[in-house]
Amino acid sequence: MLRFVNYSVVFQEVPDEVTLAINISGCPNKCKGCHSPYLMENTGDILNNEVLAGLLNRYKHAITCVCFMGGDSEPKAIEGLSFFIRESTDNQIKTAWYSGKQRLPENCSLENFDYIKLGSYIEELGGLDSPSTNQHFYKIKDGRMIDKTELFTKK
Ligand code: SF4
């Protein structure tokens with residue numbers, strides 16, 4: 001069962017979008033030098049369609065995107081929540097997923113997301129805004145992954 005610790009409206013995690021970023025706990029990735037160790041604990045409130053509907057009701061006029069920060073322990077659940085957001089807002093709100101995995105799980109479909117960040121956090125290489133990063137940020141268009149990582153490293 002997915003749980004989240006907190007959320008906030010952010011402007012840099014997804015370029016050109018105003019994003020409600022939801023920090024999901026129970027991260028299984030155990031990256032050395034983890035920048036958010038509190039997300040490795042299985043704590044926080046349950047995240048499901050009902051909770052998302054409440055958040056959308058509150059923020060839908062202020063945001064253009066919802067981003068799941070984590071959730072690698074239950075990728076199908078993330079995909080389902082992403083589907084719910086797009087369907088319940090008639091595709092007016094986009095969705096993004098910040099995963100720490102190297103690739104999208106085989107049983108997840110690109111079509112259910114607008115943006116995906118892939119790649120584990122490697123301390124020496126840095127995050128998306130580091131020129132040496134191993135991570136990639138993709139825009140999903142027509143079922144294809146378009147690498148937009150340079151939007152982060154150019155800043
Ligand atoms: S994916 Fe992120 S939250 Fe999870 S262990 Fe790695 S750095 Fe920490």
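Two strands count as paired here if DSSP finds at least two bridges between them. The exercises below apply this to a predicted model.

**Exercise 1. The sheet**

Task: Determine in which order the strands of the open sheet are arranged, and which strands form its edges.

Solution. Step one is to follow the pairings across the sheet, which has eight strands in the order S3-S1-S2-S4-S5-S6-S7-S8 and mixed pairing. Step two is to look for strands that pair on one side only, and these are S3 and S8, the latter covering residues 144–147. Step three is to see what "mixed" involves around S2: strand S1 (residues 3–10) pairs with S2 in the antiparallel sense over six bridges, whereas S2 and S4 (residues 65–69) pair in the parallel sense over five bridges. In general, the strands of a sheet pair through backbone hydrogen bonds, in either a parallel or an antiparallel manner. Individual partners can then be assigned, since Val 9 has Leu 20 of S2 as its bridge partner, and Thr 19 stands opposite Cys 65 in S4.

**Exercise 2. The burial of S2**

Task: Explain why strand S2 is described as largely enclosed by the rest of the structure.

Solution. The cut-off needed is that a residue is buried if 20 or more other C-beta atoms lie within 10 Å of its own. By this criterion six of the six residues of S2 (residues 19–24) are buried, and the strand is therefore largely enclosed by the rest of the structure. The next step is to separate the two faces: Thr 19, Ala 21 and Asn 23 point one way, while Leu 20, Ile 22 and Ile 24 point the other way, and all of them are buried.

**Exercise 3. The nonpolar core**

Task: Identify which residues have the most contacts inside the largest nonpolar core, and which element supplies the largest share of this core.

Solution. The largest nonpolar core has 29 residues, and those with the most contacts inside it are Ile 22, Val 66, Cys 67, Phe 68, Ala 96 and Tyr 115. Turning to the elements, at least two residues of this core come from each of S2, S4, helix H2 (75–88), S5 (94–98), S6 (115–118) and S7 (136–141). The largest share, five residues, is supplied by S4. Cys 67 can serve as a worked case: leaving aside residues up to four places away in sequence, Cys 67 touches Glu 13, Val 14, Thr 19, Ala 21, Ile 22, Ala 96 and Tyr 98. As for the helix, H2 lies across S4 and S5 and runs at about 160 degrees to S5.

**Exercise 4. The hairpin at the end of the sheet order**

Task: Work out how S7 and S8 run and how many bridges join them, and which residue in the turn has a positive phi.

Solution. First, S7 and S8 run antiparallel and are joined by four bridges. Second, two of the pairs can be named, as Lys 141 stands opposite Arg 144 in S8, and Lys 139 has Ile 146 as its bridge partner in that strand. Third, the two strands form a hairpin with two residues between them, and in the turn Asp 142 has a positive phi of about 50 degrees.

**Exercise 5. The ligand shell and the loops**

Task: Establish which classes of residue make up the shell around the ligand, and whether Lys 30 is buried or exposed.

Solution. The residues around the ligand are Cys 27, Asn 29, Lys 30, Cys 31, Cys 34, His 35, Ser 36, Leu 39, Met 40, Gly 70, Gly 100 and Tyr 121. Sorted by class, this shell has six nonpolar, five polar and one charged residues. Lys 30 lies in the loop between S2 and S3, and with 10 other C-beta atoms within 10 Å it is exposed. Lys 30 also has a positive phi of about 50 degrees, although it is not a glycine.

Asn 91 invites the equivalent analysis. Asn 91 sits in the loop between H2 and S5, counts as exposed with 11 C-beta neighbours inside 10 Å, and has a positive phi of about 65 degrees although it is not a glycine.

A final step concerns Gly 127, in the loop between S6 and S7. Gly 127 counts as partly exposed, with 15 C-beta neighbours inside 10 Å. From C-alpha to C-alpha, Gly 127 and His 35 are 9.5 Å apart in space, although 92 residues apart in sequence. Not counting residues up to four places away in sequence, Gly 127 touches Tyr 121, Thr 133 and Gln 135.

Key. Residues are numbered from 1 along each chain as its sequence is written. This is a predicted model: local features need pLDDT of at least 70, side-chain atom pairs count only at pLDDT 80 or more; totals for chains, interfaces and linings use all residues. A residue is buried if 20 or more other C-beta atoms lie within 10 Å of its own, exposed if 12 or fewer, and partly exposed in between; C-beta atoms are placed from the backbone. A nonpolar core is a set of buried Ala, Val, Leu, Ile, Met, Phe, Trp, Tyr and Cys residues joined through C-beta atoms within 7 Å. Two residues are in contact if their C-beta atoms, placed from the backbone, lie within 7 Å. A residue is near a molecule or strand if its C-beta atom, placed from the backbone, lies within 6 Å of it. Ala, Val, Leu, Ile, Met, Phe, Trp, Tyr, Cys and Pro count as nonpolar, Asp, Glu, Lys and Arg as charged, and the others, Gly among them, as polar. Axes are lines fitted to C-alpha atoms, for helices over the stretch in contact, and angles run from 0 to 180 degrees between N-to-C directions.
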